[in-house]
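The exercises below are meant to be worked through with the sequence and the 3D view side by side. Try each task yourself before reading its solution.

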Amino acid sequence: MTRINRNILRGVLVLSYIIIIAVVVLGVGRIFSYLNTGADRSTMLHTEIKKIDQYLPKLEWAPLKNEGRLMDVETLKSIEADYLDAWYVKHVAYKTNTTQGVDDYYTESARKSIYDILDKNKAEGIWIDGTTLEHHITLEFFSEDGKLAVIRDRDVLEYKRVYQNEDMLFETKEISTYKAIVLLEDGFWRIRHLIKENNTPYKSEFSSVSNSISNVKGINYYPQATPWDMYGDYFDAQVISKDFKIIKDAGLNSIRIFVPYKDFGKANIKTEKLEKLKTVLDMAQNNQLKVVVTLFDFYGDYEVLNWTLNQHHAIKIVTSLKNHKALLAWDIKNEPNLDFESRGKIKVMAWLEHMIAVVKSSDSKHPVTIGWSNAESAGLLNEAVDVVSFHYYEHLKGLEHAYSTLKENNPDKTIVLTEYGLSSNKGVWNLLGNSEEDQANYHKEAQALFAKNNIQSLSWTLYDFSKIPKEVVGRLPWRKQTQGCFGFINQNGETKPAFKYMSREIN
């Protein structure tokens, strides 16, 4: 027995020795690789700055007319990258009250003032959730030795919320001008001085577009085989074109579609996805249908530090589609009020207001709306949007009152019901559900109400679906079954009784 124990001990010691040697060799190898490739700043920082994924404010340089040495494009880009990263690092520092990364983007004298602010904020339980959204930079001086530059950053659009512990003290949006001196140290441009020369409060002003919408008789659309994955690997323009012909032949004139934020590449829009989106609008145009494009689908972050990425995403899509003849309107976000409880109403509302401004600044011709989940929320941000839109899945007996109240409270706005419908899910999972006949009667009654009150509307949806992602209604099978049966055409491709009530005439 003692002999066996000795053999086991000997084996454990040999195995331990092998593991130690392997760890040492691996460590030496990594050190050797590091010394031969040079330090990567993103691995040096706890914040791991990757600007394309973290911080993309709108930025423009004035034409170069600086004193001193001529500036080359490569150096200018290097200054721009490090200057913006310095801003991002400071935003992170003020939000977390930590100093990670500050040494890498600020000289010793500059970071002292940052540290003093952090010390004071930590002592008082204060933290700042902020970002900058626009920079307009002029290079004023570049030294002959190429190691010092002076820049003036005008019309910097800043947004911040100041908290003490968990209580927000105030929020502010302002336009500022900064003068910065940057030094080249260890191959990086560090800020030596950053002086705020002036600032003024910024107030969002939303001008209404003259091209409002009217006579909308439409439907929310996903292909039957690929709901909530419309632009994926199984994208089929012929299928979409056939569906659009069905919609047009049924007497409708418009559709509402959705652009998933993550699927489209977040800040870095995927070219192939954008081309598919353009193809969808082309197919709509071919079938004489207008399109409401809903942005930021499946997005629910709203964090201030991500605003620059969100606006980069929106600007790319809006500028790419704004001249398309099929485009009818922009819907900023589908049912954002459902995020009020989990994300905070103040946070969601501030994000929405900024994204409305972003879209309007990129497209001044097409109206902007928000697809609120109910009529009670539809009056929010009514001064900022061009069209007040809402969804209605309650009993139809309350629709007329809800609509008339919205018209009374928003007399200068077009009102559109952008989602409504009834599931025909009645079976094992929903014994008290509605039948296909119930669904038909619902749509018949809805069309009568629309005709009586001249209500513009888009129903949910063309097809029944067999696959419902958990992100839509969760994992519970009865909820998925209900969500899958709102269509006018069943899973076998047969029209349901409600199909004949898809459309009506607006007086």
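**Exercise 1. A glycine in a loop**

Is G265 buried or exposed? Decide this first, and then find where G265 lies and how far it is from H313.

Solution. Bear in mind throughout that this is a predicted model. The relative accessibility of G265 is 14%, and buried means under 20%, so G265 counts as buried. The next step is to place the residue in the chain: G265 lies in the loop between β8 and α8. Finally, compare sequence with space: G265 and H313 are 48 residues apart in sequence, while their C-alpha atoms are 8.3 Å apart in space.

**Exercise 2. Two residues with positive phi**

Find the phi values of D186 and K266, and classify each residue by its accessibility.

Solution. Begin with D186, which lies in the loop between β5 (167-185) and β6 (188-201). Phi of D186 is near 55°, a positive value in a residue other than glycine. With 69% relative accessibility, and with exposed meaning over 50%, D186 counts as exposed. Turn then to K266, found in the loop between β8 and α8 (271-286), where phi is also positive in a residue other than glycine, near 55°. The relative accessible area of K266 is 43%, so this residue is classed as partly exposed.

**Exercise 3. Two helices that cross**

How do the axes of α9 and α11 lie relative to one another, and which residues make the contact?

Solution. First locate the helices, since α9 covers residues 307-321 and α11 covers residues 345-362. Their axes come within 9 Å and cross at roughly 35°, and the crossing in which α9 passes α11 is right-handed. Next, list the residues on each side: α9 contributes W307, N310, Q311, A314, I315, V318 and T319, whereas α11 contributes A350, W351, H354, M355, V358, V359 and S362. Sorting the residues of this contact by type gives nine nonpolar, five polar and no charged.

**Exercise 4. A cluster of rings**

Which residues are linked by ring pairs into a cluster with F465, and what is the geometry of the pairs Y222 with W228 and F258 with W460?

Solution. Start from the total, which is 24 aromatic pairs. One of them joins Y222 and W228, whose ring centres are 5.1 Å apart and whose planes make an angle of 40°, a tilted arrangement. Both partners can then be classified: Y222 counts as buried because its relative accessibility is 3%, and W228 is buried with a relative accessible area of 13%.

Another pair is formed by F258 and W460, with 6.1 Å from centre to centre and 70° between the planes, which makes it edge-to-face. F258 lies in strand β8 (residues 254-260) and W460 in the loop between β14 (456-459) and α14 (470-473), so this pair ties together parts that are 202 residues apart in sequence. Both F258 and W460 are buried.

Now put the pieces together: ring pairs link Y222, W228, F258, W460 and F465 into a cluster. As a last step, look at the backbone just after W460, where the peptide bond to T461 is cis, with omega near -5°. T461 is found in the loop between β14 and α14.

**Exercise 5. A buried arginine and a lysine over a ring**

What does R152 touch, and where does K90 lie relative to W87?

Solution. R152 lies in strand β4 (residues 148-164), and it counts as buried because its relative accessibility is 14%. Setting aside residues up to four places away in sequence, R152 touches H136, I137, T138, E140, T177, Y178, K179 and E197. For the second part, K90 lies over the face of W87, at 4.6 Å from the ring centre.

**Exercise 6. The whole chain**

How many helices and strands does the protein have, and what share of its residues is buried?

Solution. Counting the elements gives 15 helices and 14 strands. Of the 507 residues in the protein, 50% are buried. To complete the picture, consider contacts between residues at least 6 apart in sequence: 72% of them join residues at least 24 apart.

Notes. Residues numbered from 1 in each chain as written. Predicted model: local features only at pLDDT ≥ 70, side-chain atom pairs only at ≥ 80, totals over all residues. Heavy atoms only, no water. Axes fitted to C-alpha atoms, helices over the stretch in contact; angles between N-to-C directions. Helix = DSSP H or I, 4+ residues; strand = E, 2+ residues; numbered from the N terminus. Left-handed = near helix turned anticlockwise from the far one by under 90°. Contact = heavy atoms within 4.5 Å. Nonpolar A, V, L, I, M, F, W, Y, C, P; charged D, E, K, R; others polar. Phe/Tyr/Trp six-rings, centres within 6.5 Å; stacked < 30°, edge-to-face > 60°. Buried < 20%, exposed > 50% of the residue type's maximum accessible area, 1.4 Å probe, protein only. Lys NZ or Arg CZ within 6 Å of the ring centre and 35° of its normal.
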